[in-house]
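Please consider the model below, beginning with the protein as a whole and then turning to its interior and to one of its helices.

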Amino acid sequence: MKQITIILSIAIGLFAFAKADAQTSKDRDQFEVQVDGLGCPFCAYGLEKKFKEFKGIKDIAIDIETGDFSFSYPSVKVLTMGALLAQVEKSGYTPNLAKITRADGTIQTNKKNEEVAKADLTMTKIHVDGMCGMCKARIEKATVTVGGVANAVWDVDTKLLTVNFDSKLTSETFIEKAAAAVGHDTKGTRATDKSYDNLHACCKYERTN
């Protein structure tokens, strides 16, 4: 009887662990990037060490022969495609094709805009706060680099960002988050105080949300 009780306790414990692990995976984004320049275990160690600067990173896997690098990251922290590619470059390597599978099922890639332009595109207008030509350049640069975006144009007067994008690869939410990441509030996403404070004096708009 005692043995049966122990077995049942172990089974229940394993079930609870599996359930908790499944719930955790639903709250994490999955990242895959093909990295050019990995030639040895030391190279892989350097890449992994650099990415561990992102607190909360897990499930790191690196294949030296193919250059395939993957990991998971908390979805609430919203690691952008631009930040992903920049971190690879800071590690001393060249990022090639990259893919992000968000916790909500949205998929983003960094495939070239020319390829995206051949797809059936969705056009939308997003209100993005800003003040000047410097803001325009910053907002457009941040949003056009989102995987799946074909083009993005921000109007200084109307504060509207006109975007054409492949809805299979990204969404308005992630485009808004890209603008917010560089300090510009949108109707749906507020920039962090730190990113807003980093704006040039002439770019500091009046915050309403």
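Accessible areas here come from the Shrake-Rupley method with a 1.4 Å probe. In this predicted model, the protein exposes about 12,000 Å², and carbon and sulfur atoms supply 57% of that area. The chain has 209 residues, of which 37% are buried. Its secondary structure amounts to 7 helices and 8 strands. When contacts between residues at least 6 apart in sequence are considered, 57% of them join residues at least 24 apart.

The interior may be taken up next. The largest nonpolar core comprises 20 residues, and V35, F51, F71 and L84 are those with the most contacts inside it. Two or more residues of this core come from each of β1, α2, β3, α3 and β4 (94-101). The greatest contribution is that of α3, with 4 residues. Apart from this core lies another, of 19 residues, which includes C132, A152, W154 and A179.

Helix α2, one of the elements that give two or more residues to the largest core, merits a closer reading. Spanning residues 41-51, α2 has C43, A44, L47 and F51 as its buried residues. These four cover an arc of only 100 degrees around the axis, and they therefore lie on the same side of α2. An α-helix has 3.6 residues a turn, so residues three or four places apart point the same way. The face of α2 turned away from the buried side carries the exposed residues P41, F42 and K49.

Against which elements do the buried residues of α2 pack? Their partners are three strands, β1 (28-36), β2 (58-63) and β3 (68-74), together with the helix α3 (81-90). F51, a buried residue of α2, is also among the residues with the most contacts inside the largest core. Leaving aside residues up to four places away in sequence, F51 touches I57, F69, F71, L84, Q87, V88 and S91. Of these, F71 and L84 are likewise named among the core residues with the most contacts.

A further position lies outside the helices and strands discussed so far. L121 is placed in the loop between α4 (113-117) and β6 (122-127). Is L121 buried, exposed or partly exposed? With a relative accessible area of 33%, L121 is partly exposed, since that class lies between the limits of under 20% for buried and over 50% for exposed. L121 and V163 are 42 residues apart in sequence, and their C-alpha atoms are 9.5 Å apart in space.

Notes:
Residues numbered from 1 in each chain as written. Predicted model: local features only at pLDDT ≥ 70, side-chain atom pairs only at ≥ 80, totals over all residues. Heavy atoms only, no water. Buried < 20%, exposed > 50% of the residue type's maximum accessible area, 1.4 Å probe, protein only. Arc of directions from axis to C-beta. Contact = heavy atoms within 4.5 Å. Core = buried A, V, L, I, M, F, W, Y, C linked by side-chain atoms within 4.5 Å.
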